[in-house]
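Student: I would like to learn how to read a structural model feature by feature, beginning with whatever you think deserves attention. Could we take one element and work outwards?

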Amino acid sequence: MLKKTPLALLLALAAAGVQAKTELTVYTALELDQLKRYQAAFEQENPDIAIRWVRDSTGIITARLLAEKENPQADVIWGLAATSLMLMDKHGMLAPYAPAGLDQLSPEFRDPRDTPHWVGMNAWLGVICYNTIEAEKHGLTKPTSWQDLTKPEYQGHIVMPNPASSGTGFLDVSAWLQQFGEKQGWAYMDGLHQNIANYTHSGSKPCVQAASGEATIGISMAYRGASLKQQGAPLELIFPTEGVGWEMEAAAMVKGTDQQAAAQKLLDFVVTREANELYNQSFAVVGLPGVAQPVKYFPEEPAKVMIDNDFAWAAEQREAILAEWQRRYDGKSEAR
């Protein structure tokens, strides 16, 4: 006759099994609908590791990481603007690591050092989300360029992200300064400001508001616009004739993590073909060559609408740009 295992022993064994799973605290600015897919794929391959997400908009996550510099709480950053990671690297906050398969990644999607401090995932593009029903209701003409958005007819009809809290907002502002030059860039934003109803703290929210008819025009991210359009929203995605700003999402290991082995496994996964195929479900440009398939409602050749972006300059100038932007325009930002 088999002896029954005492309940206390069963509970102890169960607790030991739970404790054996390593928890990784991962900071991210990825969209909520992306997190589940990414986490499921990683944890399926690494059942001994569990991800605990800390998620917010790019600017807020960046500020939080910088505030925690002396006492890091994150183990890994997975899905944050490359310019934010460059800023953190400047402060000595990232641990060097060369993921398995790094040599397959496009050179522009990685820190150029032999042992990189960050690796790229995908590129996300700016866009104008244009509600065709609301535009007809208000008698508005369809804009085709960034400059068009300064026309008086659009007064009060435009929303865009605050660059201090949104990576999408920052990629737009830094792109305009690069495209038009500093003096003309700020002059352009002065004109645009006259037509802004408010600045949101989320990069996707302006497109969501345009999709619902709360706004007619949302300066936002192409991924969210394409997703909403596929769901039936009366949107047209406009990629302005001057070209659009874009940003690279990237990943890195935080210096000082006590979960280094698990963090390295996550970074190994970040650059795999499987991960890049997941990125491609949302983004038309990914870090691994030969993976990207066309994404519905994106340009057939996304590179043709993407500006020649100087990430190093944008990272170096980030704090000065945000200070000037807030001085000029923060009065129209929505309450946090």
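Tutor: Let us begin at the start of a helix, keeping in mind that this is a predicted model. D310 caps the N-terminal end of α12, with a side-chain oxygen that lies 3.3 Å from the backbone nitrogen of A312.

Student: How far does helix α12 span between its end C-alpha atoms, and what would a straight helix of 19 residues span?

Tutor: The general idea is to compare the end-to-end distance with the value expected for a straight helix. At 1.5 Å a residue, a straight helix of 19 residues would span 27 Å, whereas α12, which runs over residues 311-329, spans only 24 Å between its end C-alpha atoms. A bend is also found in this helix: α12 bends by about 60° at R318.

Student: Which residues of α12 are buried, and what covers them?

Tutor: It helps to recall the geometry before reading the list. An α-helix has 3.6 residues a turn, so residues three or four places apart point the same way. In α12 the buried residues are F311, A314, A315, R318, I321, L322, W325 and Y329, and R318 is also the residue at which the helix bends. The cover over the buried residues of α12 includes the helices α3 (58-67), α4 (82-90), α6 (167-180) and α7 (182-193), together with the strands β7 (196-200) and β10 (246-254).

Student: What does the same reading give for helix α11, that is, which of its residues are buried?

Tutor: In α11, which comprises residues 273-280, the buried residues are A275, N276, L278, Y279 and N280. Among the elements that cover them are the helices α2 (32-45) and α10 (260-270), and the strands β3 (76-81), β5 and β11 (285-286).

Student: Turning to single residues, is T168 buried or exposed, and what does its side chain contact?

Tutor: For a single residue one takes the relative accessibility first, with under 20% as the cut-off for buried, and then asks what surrounds the residue. T168 lies in helix α6, and it counts as buried because its relative accessibility is 2%. The side chain of T168 makes a polar contact with the side chain of W124, at 3.0 Å. With neighbours within four places in sequence left aside, T168 is in contact with W124, P161, G203, S220 and M221.

Student: Where does D111 lie, and is D111 buried or exposed?

Tutor: D111 lies in the loop between β4 (94-95) and β5 (119-131), and with a relative accessible area of 4% it is buried. Its side chain makes a polar contact with the side chain of R113, at 2.8 Å. Beyond its neighbours within four places in sequence, D111 is in contact with D89, P116, H117 and W118. As for distance through space, the C-alpha atoms of D111 and P96 are separated by 9.9 Å, although these residues are 15 apart along the chain.

Student: What does A100 touch?

Tutor: A100 is placed in the loop between β4 and β5, and it touches D268 and V271 when residues up to four places away in sequence are not counted.

Student: Where is L35 placed, and what does it touch?

Tutor: The place of L35 is in helix α2, where it is buried, with a relative accessible area of 7%. Not counting residues up to four places away in sequence, L35 touches T28, L30, W53 and R55.

Student: What is the phi of Y297?

Tutor: Backbone angles can be read residue by residue, and here Y297 has a positive phi of about 75° although it is not a glycine. Y297 lies in the loop between β11 and α12, and at 31% relative accessibility it counts as partly exposed.

Student: Finally, how many helices and strands does the chain have, and what is its radius of gyration?

Tutor: The chain has twelve helices and eleven strands. A compact globule of 336 residues would have a radius of gyration near 20 Å, and the 22 Å of the chain agrees with this. Along the principal axes, the C-alpha atoms fill a box of roughly 85 × 45 × 40 Å. Of the 336 residues, 55% count as buried. Among contacts between residues at least 6 apart in sequence, 74% join residues at least 24 apart. The accessible surface comes to about 15,000 Å², of which 51% belongs to carbon and sulfur atoms.

Key:
Residues numbered from 1 in each chain as written. Predicted model: local features only at pLDDT ≥ 70, side-chain atom pairs only at ≥ 80, totals over all residues. Heavy atoms only, no water. Helix = DSSP H or I, 4+ residues; strand = E, 2+ residues; numbered from the N terminus. Expected span 1.5 Å × (residues − 1). Bend = angle between axes of the 7 residues up to and from the residue. Buried < 20%, exposed > 50% of the residue type's maximum accessible area, 1.4 Å probe, protein only. Contact = heavy atoms within 4.5 Å. Polar contact = N/O pair within 3.5 Å; in protein donor to acceptor, adjacent residues only side chain to side chain. Rg over C-alpha atoms; globule rule 2.2 N^0.38 Å. Areas by Shrake-Rupley, 256 points an atom, 1.4 Å probe, with all protein chains shown as cover.
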